[in-house]
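Colleague: Got a minute to walk me through this one? I'd like to go over the packing and then the ligand site.

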Amino acid sequence: MDQSEVVVLGAGPGGYAAAFLAADEGLQVTLVDLESRLGGVCLLRGCIPSKALLYVARVIHDAEALRAWGVDFGKPQINLDQLRAQKEKVIATLTGGLSQLAKKRNVRVIRARAQFVDAKRLRLEPVDGQDPGLSELSFERLILAAGSRAIRLSVFDHLGELAMTSREALDVPSVPDSLLVVGGGYIGLELGTVYATLGSRVTVVEMTDGLLPGVDRDLVRPLEARLRKLFAGILLETKVVGAERVGDAVKVFLDGKNGKESAVFSRVLVAVGRRPNSDLVGAERIGLRLTPQGFVDVDEYLQTSVPGIWAIGDIAGQPMLAHKATHQGKTAVENILGERVPFQPRAIPAVVFTEPEIAWTGLTESAAKSQGREIDVAVFPWGASGRAQATGATDGFTKWVIDRSSGRVLGCGIVGAGAGDLIGEATLAVEMGAHIADVGGTIHPHPTLCETLGMAAEVHLGLATDIYRPRATVAGRGSG
Ligand code: NAD
């Protein structure tokens, strides 16, 4: 048996960040993962490959939009082998970089399926017949970063490769004539966009009464309007109640607000959420307290119910986002080093990388209202932005959620091209407790879309000049 001062279980964006920082702080670190390459789901079969495919979809979309400007590139010719190879190159470059970074830091990397034996030991089993070199590894401290996996629907269990999760879909095994996407959340809409742009007729079924449940409805509306043109259908309040193989295709039985119906699709993509991997590492065996959803319960210092074990990222609760995991990984290391650092962000940004993108951070308008908070909402429509007009991005808008009594910004929502990049500034403002006047008083570069953050603030302050909002009174100005 071997031992390590710190073991990090899981090499995703949370786990590798924790391992690298712990090594930089002088701790002796072992990083254990099932995969032969570092980066976890995000890098190998999530955020990065999906963004590579969405980049292609965006360029195809932009090229089509240029027809209105008198520029016609014709119908795109898509070479799937080359598309896959290019995507793989992106992944290989990043994961290769991580491997180098691990070596430089003397982080020992072990490929194995790990399970807890007790609160100080892991059992290591071979993956794909590859001997990990050790059967057990003991540790003084452990950071559990074992992530999550796609939820499967039993109704599709017998369909083999005809029913994909994001894992298979990101390999783009083919471009099916028709694709049923089950679930109108992040993955369903991002990958639905990719497949529809590559040429599939995409239908989305969503169980709730709207796409992207939980996101402010006004932010979803411009996206839904575009998706209704791009997709063959969007069926809300609809469930899949049965499925059977018909030759090379799938007959799906749906039950929705318009009653029961059936339809045949070449392939199905199941994107109904993810579940934590706490069961796969034997968390319960060592008495790690779990939430009813199976997440490992942690306190604000990311400490689990078992001394010496911290948990971060998807396995430690919502939101299941890579950047949250990375920050938690670093916080866990600081706590291992004896600093008392709580993980208490005011804002965790979220981005749906569709066309247009939707991004939000901090408190959403709908959450503020359901909590009964006294807020003001300031909106700047992109139709009034010169940059949006010049780039065909006019269906976006930027809105701030502002605390009525203090004037501090509590949250921000943006829909439009590049919203995911714009939300960074808003996140900094919320995190720093900025006043809306700080945002309005900040000189933004012209002509850009980030200007809309300043302009939305000016709408609130009654200082906007690019749109006309009649004022009830001008009392108090210039009156000495
Ligand atoms: P999700 O929670 O975003 O969406 C799942 C959707 O499926 C929901 O709208 C839900 O109402 C619906 N649904 C559930 N059961 C259903 C059923 N039986 N029939 C029809 N609809 C059903 O989950 P996801 O899209 O699978 O993504 C999983 C997680 O991965 C996300 O929560 C997110 O944290 C992460 N993710 C993030 C990004 C990003 O940051 N851009 C992208 C992809 C995934």
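**Core and ligand site**

Modeller: Leaving out neighbours within four places in sequence, L189 is in contact (heavy atoms within 4.5 Å) with G184, V204, L211, L212, L223, L227, F231 and T354. Bear in mind that this is a predicted model, where local features need pLDDT of at least 70, side-chain atom pairs count only at pLDDT 80 or more, and totals for chains, interfaces and linings use all residues. Residues are numbered from 1 along each chain as its sequence is written, and side-chain values use heavy atoms, with hydrogens and water left out.

Colleague: Which element gives the largest share of the largest nonpolar core?

Modeller: A nonpolar core here is a set of buried (under 20% relative accessible area, 1.4 Å probe, protein chains only) Ala, Val, Leu, Ile, Met, Phe, Trp, Tyr and Cys residues joined through side-chain atoms within 4.5 Å. The largest one has 36 residues, and L189 and F231 are among those with the most contacts inside it. Its largest share, six residues, comes from α6.

Colleague: And which helix gives the largest share of the shell around the ligand?

Modeller: That shell has 21 residues (a heavy atom within 4 Å of the ligand), with I187 and E206 among the closest. The largest share, three residues, comes from a DSSP run (H or I, at least four residues) spanning 186-198, namely helix α6.

Colleague: How far is a nitrogen atom of the ligand from a polar backbone atom of V351?

Modeller: V351 is also listed among the closest residues of the shell. The N or O pair falls within the 3.5 Å limit for a polar contact, at 2.7 Å.

Conventions
A polar contact is a pair of N or O atoms within 3.5 Å; within protein, one must be able to donate a hydrogen and the other to accept it, and residues adjacent in sequence count only if both atoms are side-chain atoms. Helices (H or I, at least four residues) and strands (E, at least two) are DSSP runs, numbered from the N terminus. Buried means under 20% relative accessible area, exposed over 50%, partly exposed in between (1.4 Å probe, protein chains only).
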